[in-house]
Amino acid sequence: MKILSIESSCDETAAAVVEDGREVLSSVIASQVEEHKLYGGVVPEIASRRHAEAIVPVVNKTLCEAGVTMDDIDAIAVTHAPGLIGALLVGVNFAKGLSLATGKPLVPTHHLRSHIASNYISHKELKPPFLCLVVSGGHSHIVMVEDYTKMKVIGKTRDDAAGEAFDKAARTMGMSYPGGIEMDRIAELGDPEAFKFPRPVVRDAPYDFSFSGLKTAVINLIHNMKQKNEEIPREDICASFRFAVVDLLVGNFMKAAEDYKVDKLVVAGGVSANSLLRKTLEEESKKRGYTFYKPDKSVCTDNAAMVGSQGYYEYLSGNIAGLDLNAAATLPIDYR
Ligand code: KG4
Ligand code: ZN
């Protein structure tokens, strides 16, 4: 079964053709990041306008690269939530129009479920159940993936998401959006023990995260140094900050794995591209005898191939939308 998938939840207009949830026949991403860099973050209205311009060429290109036409496509999967509402609406309305014109079924696909599915593309043998750490620009969740479309949130962030914390800390040091990637690169050159950043715990919720105190600590440190005209040791700050974020993520995730007695661990979302997070999860899983899966770096950040993968399983579970499908800025991962 071939699915045409569409993703427009943030600042990437993407489309893909995916066969049976696992084989990517084509995947095209038009990124707007260079334009949003000028403003230090995603400007929602600009994002919507760029999606409107890019969506038709991106879909045409992906069909062409897969060597198929709409006649070969069995269903259309689209990210309908969560994300920037104006951005989501472009993809949703385009998919609805295409579904109406072609008579192909329309499959609404949750963005975070798609991030998890990026692992089905990278690991053909991977099947639920497993415990997944979902870390993106907007979310930080520990999710029990009981089945492809049945999930339970075990822990989540109480304030900032991990990616957001990386981006904001990086911005304070003058790095361009999204700073998480550059911070990861610079961190490789520094000492992770140079600064002792706090490791906040959420009382009575051992799997929940809180990153805002950590973010404030790094911002205060930098402001203090600037006021004293001291040189900012960017390498050491990046390394220490990255170490603190990874420590918090991995600590809670391993605790959840132990308490829920799972043997398979998975990571997903943009922050899963972080080199220290990948390495630490690998090592800690090995130490405890868990099998660990991480997505290929090419599918960590937003793309439509992962939407085509999750869309396949949503379709099989009967998640077919009518032409009244709407977008939603927020929607829990376990909504159905
Ligand atoms: O999943 P994603 O592409 O978009 C959302 O759904 O939010 O995640 C984007 C986030 C950004 O915050 C970006 O800084 C972060 O992922 N990110 C990283 C790395 N690569 C991307 N954070 C830390 N280290 C990285 N290597
Ligand atoms: Zn994402």
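## Positive phi in two loops

D204 is exposed, with a relative accessible area of 78%. The label "exposed" applies because that value lies over 50%. Everything described here comes from a predicted model, so keep that in mind as you click around the structure.

Where does D204 lie? Look in the loop between α6 and α7. Its phi is near 65°, which is a positive value in a residue other than glycine. You can see a positive phi at N229 as well: about 60°, although N229 is not a glycine. N229 has its place in the loop between α7 and α8. Is N229 buried or exposed? With a relative accessible area of 71%, N229 is exposed.

## Two cis peptide bonds

Now have a look at two prolines. The peptide bond that runs from A81 to P82 is cis, and its omega is near -20°. To find P82, go to the loop between β4 (75-81) and α3 (85-102).

Which residues does the other cis bond join? They are Y177 and P178, with omega at about -15°. P178 sits in the loop between α5 (162-172) and α6.

## The zinc site

Next stop: the metal. Which protein atoms are the donors of the zinc ion (ligand 2)? They are NE2 of H111, NE2 of H115 and OD of D302, and they lie 2.0 to 2.1 Å from the ion. Along the sequence, the spacing of these donor residues reads H-x3-H-x186-D.

Why are H111 and H115 separated by about one helical turn? They are four residues apart in helix α4 (residues 111-122), and that is why the separation comes to about one helical turn. Both histidines are buried. For H111, the relative accessible area is 7%, and since buried means under 20%, H111 earns the label.

H111 has some other partners too. Its side chain makes a polar contact with the side chain of E7, at 3.1 Å. There is also a polar contact between the side chains of H111 and S9, at 3.4 Å.

## Around ligand 1

How many residues are around ligand 1? There are 18, and the ones that come nearest are H115, G137, D167, G270 and N274. H115 is a name you've met already, as one of the donors of the zinc ion.

Three glycines are worth finding here. An oxygen atom of ligand 1 is 3.3 Å from a polar backbone atom of G138. At G180, a polar backbone atom lies 3.3 Å from a nitrogen atom of the ligand. G270 has a polar backbone atom 3.0 Å from an oxygen atom of ligand 1. How much of ligand 1 does the protein cover? On its own the ligand has 560 Å² of accessible area, and the protein covers 90% of that.

## Aromatic pairs

Time for some rings. A pair of aromatic rings is described by the distance of the centres and the angle of the planes. This structure holds ten aromatic pairs. Take Y120 and Y148: their ring centres are 5.1 Å apart and their planes are at 70°, so the pair is edge-to-face. Y120 belongs to helix α4, whereas Y148 is in the loop between β7 (140-147) and β8 (150-156), so this pair ties together parts that are 28 residues apart in sequence. Y120 counts as buried because its relative accessibility is 0%. Y148 is buried as well, with a relative accessible area of 14%.

Another edge-to-face pair is made by F197 and F241, at 6.3 Å centre to centre and 75° between the planes. F197 lies in the loop between α6 (179-187) and α7 (212-227) and F241 in helix α8 (residues 234-259), so here the parts tied together are 44 residues apart in sequence. Both F197 and F241 are buried.

## A ring cluster and a charge over a ring

Which residues do ring pairs link into a cluster? Y120 and Y148 belong to it, together with F130, Y312 and Y313.

Finally, find F243. R199 lies over the face of its ring, at 5.1 Å from the ring centre.

Key: Residues are numbered from 1 along each chain as its sequence is written. Chains are lettered from A and ligands numbered from 1 in the order in which they are written. This is a predicted model: local features need pLDDT of at least 70, side-chain atom pairs count only at pLDDT 80 or more; totals for chains, interfaces and linings use all residues. Side-chain values use heavy atoms; hydrogens and water are left out. Donors are N, O and S atoms within 2.8 Å of the metal (3.2 Å for Na, K and Ca); water is not among the atoms, so sites may look incomplete. Helices (H or I, at least four residues) and strands (E, at least two) are DSSP runs, numbered from the N terminus. Buried means under 20% relative accessible area, exposed over 50%, partly exposed in between (1.4 Å probe, protein chains only). Rings of Phe, Tyr and Trp (its six-membered ring) pair if their centres lie within 6.5 Å; planes under 30 degrees apart count as stacked, over 60 as edge-to-face and the rest as tilted. A charge sits over a ring if NZ of Lys or CZ of Arg is within 6 Å of the ring centre and within 35 degrees of the ring normal. A residue is near a molecule or strand if one of its heavy atoms lies within 4 Å of it. A polar contact is a pair of N or O atoms within 3.5 Å; within protein, one must be able to donate a hydrogen and the other to accept it, and residues adjacent in sequence count only if both atoms are side-chain atoms. Accessible areas come from the Shrake-Rupley method with a 1.4 Å probe; for residues, only the protein chains shown count as cover.
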